[in-house]
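Take a moment with the sequence and the fold below. Then we will walk through them, strand by strand.

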Amino acid sequence: QVQLVESGGGLVQTGDSLRLSCAASGRTVSGRTFSSYYMAWFRQASGKEREFVAAISWSGKSTYYADSVKGRFAISRDNAKNTVYLQMNSLKPEDTTVYYCAASTTEVLLPSRKYDYDYWGQGTQVTVSS
């Protein structure tokens with residue numbers, strides 16, 4: 001079984017930065033481990049759909065971003081540490097919500113589609129005050 005644990009959320013002011021981390025542990029039934037997973041960050045406000053933020057391929061060579069965060073956020077991964085990161089700069093009040101880490105242990109057809117991910121973390125709250 002794969003477990004994902006996010007950390008790094010908190011309360012910041014407009015324009016500040018935060019770095020979220022997501023530590024993965026365990027392996028799939030077939031024995032696949034973190035270095036073979038596609039990883040992503042999503043966010044979800046209360047009463048709204050979970051929306052895509054960023055994704056990164058297993059090697060880290062390919063990254064994808066939602067238009068709303070492009071140029072401000074950066075996703076990266078350290079396969080030696082089984083960890084994926086989301087560096088968030090120039091934060092805005094509209095970035096306030098719960099951020100979720102996601103892992104796909106199978107083929108990803110569309111990195112921004114939440115249904116392509118089969119494991120999720122518990123979420124970490126990010127609050128940006130104006």
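A residue counts as buried when its relative accessible area is under 20%. Keep that cut-off in mind. This is a predicted model, and strand 5 is a good place to start. Strand 5 covers residues 51-56, and 5 of its 6 residues are buried, so the strand is largely enclosed by the rest of the structure.

Now look at the partners of strand 5. Strands pair through backbone hydrogen bonds, either parallel or antiparallel. Strand 4, residues 38-44, runs antiparallel to strand 5, and 5 bridges join the two. Phe 42 has Phe 52 as its bridge partner in strand 5. The two strands form a hairpin with 6 residues between them. In that turn, Gly 47 has a positive phi of about 80°.

Next comes strand 6, residues 63-65. Strand 6 is antiparallel to strand 5 and is joined to it by 3 bridges. Here Ile 56 is matched with Thr 63. Strands 5 and 6 also form a hairpin, with 6 residues between them. Gly 60 sits in this turn, with a positive phi of about 85°.

Turn to another sheet. It is open, has 4 strands in the order 1-3-8-7, and its pairing is antiparallel. Strand 1 (2-7) and strand 7 (73-78) are the edge strands, each pairing on one side only. From one strand to the next, the twist averages 15°. Strand 1 is held to strand 3, residues 18-26, by 6 bridges. One of the matched pairs is Val 5 with Ala 23.

What fills the interior? The largest nonpolar core has 36 residues. Leu 4, Met 39 and Trp 41 are among those with the most contacts inside it. Several strands each supply at least two residues of this core, including strand 1, strand 5 and strand 9 (97-104). Follow Leu 4 for a moment. Beyond its neighbours within four places in sequence, its contacts include Cys 22, Met 39, Cys 101 and Trp 120.

Finally, consider charge. Side chains of opposite charge can pair when their charged atoms come close. The structure holds 6 salt bridges. One joins Arg 72 to Asp 95, with the closest N and O atoms 2.8 Å apart. These two lie 23 residues apart, in different loops: Arg 72 between strands 6 and 7, Asp 95 between strands 8 and 9. Both are buried. They also belong to a network of salt bridges with Arg 43 and Glu 51. Lys 70 and Asp 67 form another salt bridge, at 3.2 Å from N to O, and both of these residues are exposed.

Notes: Residues numbered from 1 in each chain as written. Predicted model: local features only at pLDDT ≥ 70, side-chain atom pairs only at ≥ 80, totals over all residues. Heavy atoms only, no water. Buried < 20%, exposed > 50% of the residue type's maximum accessible area, 1.4 Å probe, protein only. Pairing = 2+ DSSP bridges. Axes fitted to C-alpha atoms, helices over the stretch in contact; angles between N-to-C directions. Core = buried A, V, L, I, M, F, W, Y, C linked by side-chain atoms within 4.5 Å. Contact = heavy atoms within 4.5 Å. Salt bridge = Lys/Arg side-chain N within 4 Å of Asp/Glu carboxyl O.
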